[in-house]
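Please examine the sequence and the structure shown below. A short report on the fold follows the display.

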Amino acid sequence: MVRLDSPQIYFSLLFTISCSFYNPTDSEAVQLTEKTFDNTIASTELVFINFYADWCRFSNMLMPIFDEAADNIKKEFPEAGKAVLAKVDCDKESSIASRFHITKYPTLKLLRNGLPAKREYRGQRSVEAFTKFIQKQLEDPVKEFKQISELGKLESDKRIIIGYFDRRDQPEYSIFRRVATNLKDDCQFHVGFDEASRQMHPPGNPIIVFRPDKDRSTDLDETYPGSLSNFDELHIWAQEKCVPLIREITFENAEELTEEGLPFLILFHSPEDTDSIKKYNDVVKNELLSEKQSITFLTADGKKFAHPLHHLGKSEQDLPLIAIDSFRHMYLFPKYEDMEIPGKLKQFVQDLYSGKLHREFHYGPDTDSETENLPTNPPESTFRKLAPSKNRYTLLKDEL
């Protein structure tokens, strides 16, 4: 028999009473459906979405907090199309949930100009934290310079994109700013208007240039060749410039990289070894550009990431070496030197897609012989352990 004055009963009754007085229809949080979803994210600069399920008690606990934050944001940013806090009932709108790979509840995702941010929200779940998060996201991503000479003194560990415009109310600048909003985590954006940029472009013909992170010389700036009136075209160009084809994985960015959901092709190298990095870069750029939507190209300091090497049965003495981490298993490229044989590394990647790597790890090399292949034990992925925990905030539906 359960005592009515027990702490569990007390908090259960308190929660039930508070929910009975809570009316979610009074909130400024917008309930999205399959019919309204695409139009909302296309017409709003910033959409912060609470993907929830009614059966999940964590979703129910979060709802009044999220709704109150929505009220705050509506008061602070009343302009139509600026910012919306929205909700998706994942049981009723399963197609939207599948589209955004929602597997736990509640999940909070940010969309900028219709495109999802790299990371889901994992900050504090409070009205104040949500409000500050949206305020931060809506800060102007573009820094204005008043004189051309200022561009020679830019300091940034990010790559830089610079816009030269006649005036702030040009339609092309509006598109430039939207792109900057989406890519501000990867690039630093600067702009000059009127006299500040006049010597860099003919009147009425604004230009946008890219400046690599390693070289601040304006002589090496690369001019955007496409239409300044086309958001998608400019965004694709800027994204390719801001996000390097080959990135270095660190313990600081590993979570973000795993969240992109693509397998890793990793060159493990010694800290002082720059030659293998250059060769790897050349092969990837010359042979694997067509694979960039399907796999993430990385380099890793083999000394810092000794643990994955150990799982592969290797050590620092075996560097450099190349491996694929599929987030299920790790697959070792047989011989590093073969990377420079045309087509060899690309075939290794394609063998991942075809399932050959997984099959051979379990049953031995493919042969034409009818002899039964002996099973093997492929090393498990180690980088998936650096990914966000599935249970960090809530429960999976199949755990109930």
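The report proceeds from the overall architecture to the disulfide, the nonpolar cores and two buried polar residues.

## Overall architecture

The model is predicted. Its secondary structure consists of 12 helices and 17 strands. Of the 400 residues in the protein, 45% are buried. The accessible surface amounts to about 21900 Å², and carbon and sulfur atoms account for 51% of that area.

Contacts across the sequence are well represented: among contacts with a separation of 6 or more, 74% are between residues 24 or more positions apart.

## Cysteines and the disulfide

A search of the whole structure yields 1 disulfide. This bond joins C187 to C242, with an S to S distance of 2.2 Å. Distant parts of the chain are linked in this way, since C187 belongs to strand β9 (residues 187–193) and C242 to helix α7 (residues 231–242), 55 residues apart. The torsion about the S-S bond of C187 and C242 is about -105°, and the disulfide is therefore left-handed. Both C187 and C242 are buried.

Two further cysteines may be noted for their accessibility. C56 has a relative accessibility of 3% and therefore counts as buried. C90 is also buried, with a relative accessible area of 4%.

## Nonpolar cores

The largest nonpolar core contains 23 residues, of which I161, F165, F176, F189, I208 and W237 touch the most other members. At least two residues of this core come from each of β8 (159–165), α6 (171–183), β9, β10 (207–211) and α7. The largest share, 6 residues, is supplied by α6. In soluble globular proteins, nonpolar side chains tend to be buried together.

The surroundings of F176 illustrate the packing. Leaving out residues up to four places away in sequence, F176 touches V142, I161, I162, G163, F165, F189, H190, V191, I208 and L234. A second, separate core comprises 20 residues, including L267, I295, Y336 and M339.

## Helix α6

Helix α6 has 13 residues, for which a rise of 1.5 Å a residue predicts a span of 18 Å; the end C-alpha atoms are 19 Å apart, in agreement with that value.

This helix is mostly covered, with 10 of its 13 residues buried. The buried positions include nonpolar residues such as I175, F176 and V179, and also E172, R177 and N182.

## Buried polar residues

N113 lies in the loop between β5 (107–112) and β6. Its relative accessibility is 12%, so N113 counts as buried, the cut-off being under 20%. The side chain of N113 forms a polar contact of 2.8 Å with the side chain of N182, a residue that is among the buried members of α6. Apart from residues up to four places away in sequence, N113 touches I41, T44, E45, R178, T181, N182 and F231.

Which loop holds E120? The residue is in the loop between β6 (115–116) and α5 (127–137). E120 is buried, with a relative accessible area of 9%. Its side chain is joined to that of K104 by a polar contact of 3.2 Å. When neighbours within four places in sequence are set aside, E120 is in contact with K104, T107, L108, K109 and E259.

Conventions: Residues are numbered from 1 along each chain as its sequence is written. This is a predicted model: local features need pLDDT of at least 70, side-chain atom pairs count only at pLDDT 80 or more; totals for chains, interfaces and linings use all residues. Side-chain values use heavy atoms; hydrogens and water are left out. A disulfide is a pair of cysteine sulfur atoms within 2.5 Å. Helices (H or I, at least four residues) and strands (E, at least two) are DSSP runs, numbered from the N terminus. Buried means under 20% relative accessible area, exposed over 50%, partly exposed in between (1.4 Å probe, protein chains only). A nonpolar core is a set of buried Ala, Val, Leu, Ile, Met, Phe, Trp, Tyr and Cys residues joined through side-chain atoms within 4.5 Å. Contact means heavy atoms within 4.5 Å. A polar contact is a pair of N or O atoms within 3.5 Å; within protein, one must be able to donate a hydrogen and the other to accept it, and residues adjacent in sequence count only if both atoms are side-chain atoms. Accessible areas come from the Shrake-Rupley method with a 1.4 Å probe; for residues, only the protein chains shown count as cover. The expected span of a helix is 1.5 Å times one less than its number of residues.
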